[in-house]
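Here is my note on the charged side chains of this model. Please read it with the structure open.

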Amino acid sequence: MSGFREPGFADRQKAAQQAKKDLLNKFRAQPGLDDPAVAARRAEREVAAANREKARLAREAEKAEAKRREQEAAAAEAARVAREKEEEAARLAAAEAEQKAKRDARYAARKDRGKKKK
């Protein structure tokens, strides 16, 4: 059994040329742009891209609709809170007016009692 022989410059150069030829042959063996298989794959990619775009647009529309519904709900909640505040203010004003009327009635009654004594 002979030992390992170190490749010389000519062997390395020949190996490099062979590698370049193999790479060039591999590139030439690929189908061209006019090949039906390549056209079919390109069409499939375009269809997939169109489907992705449709799905993206649908998601954006759904997000916009959800945001619109959320804003409507927030506006309805704000209106409800404002209405409740107005009702509370009206109720407090009515209670205050009632208390004032009672106080005035007591004051008038006290005045009348004072006049009758004299």
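The points below cover salt bridges first and a charged patch last.

1. Status of the model. This is a predicted model. Side-chain atom pairs count here only at pLDDT 80 or more, so please keep that cut-off in mind for the pairs below.

2. Overall count. The model holds 11 salt bridges, counted with a side-chain nitrogen of Lys or Arg within 4 Å of a carboxyl oxygen of Asp or Glu. Side chains of opposite charge can pair when their charged atoms come close. Three of the pairs are taken up one by one in the next points.

3. E65 and R68. These two form a salt bridge, and their closest N and O atoms are 2.2 Å apart. The spacing fits the helix: E65 and R68 are 3 residues apart in helix α2, so about one helical turn separates them. E65 is partly exposed, at 31% relative accessible area. R68 is also partly exposed, at 36%.

4. The network around that pair. Which residues are linked with E65 in a network of salt bridges? They are R68, R69 and E72. I would therefore read the E65 to R68 contact as part of this network of salt bridges.

5. R80 and E84. Their side chains meet in a salt bridge, at 2.5 Å from N to O. R80 and E84 sit 4 residues apart in helix α2, so the separation is about one helical turn. R80 has a relative accessible area of 30% and is partly exposed. E84, at 41%, is partly exposed as well.

6. E98 and K102. The salt bridge between E98 and K102 has its closest N and O atoms 3.5 Å apart. Both residues belong to helix α2. They are 4 residues apart, about one turn of the helix. E98 is partly exposed, with a relative accessible area of 48%. K102 is partly exposed too, at 47%.

7. The positive patch. Which residues form a positive surface patch? The patch consists of R103, R106, R110 and R113. R103 lies in helix α2, which spans residues 36–117. Is R103 buried or exposed? The value falls in between: R103 is partly exposed, at 45% relative accessible area. Patch residues need over 30% relative accessible area and no salt bridge, so R103, at 45%, clears the area cut-off.

Definitions and conventions
Residues numbered from 1 in each chain as written. Predicted model: local features only at pLDDT ≥ 70, side-chain atom pairs only at ≥ 80, totals over all residues. Heavy atoms only, no water. Patch = residues over 30% accessible without salt bridge, like charges linked within 9 Å, V, L, I, M, F, W, Y side chains within 5 Å. Areas by Shrake-Rupley, 256 points an atom, 1.4 Å probe, with all protein chains shown as cover. Lys, Arg positive; Asp, Glu negative; His and termini not counted. Charge placed at Lys NZ, Arg CZ, Asp CG, Glu CD. Helix = DSSP H or I, 4+ residues; strand = E, 2+ residues; numbered from the N terminus. Buried < 20%, exposed > 50% of the residue type's maximum accessible area, 1.4 Å probe, protein only.
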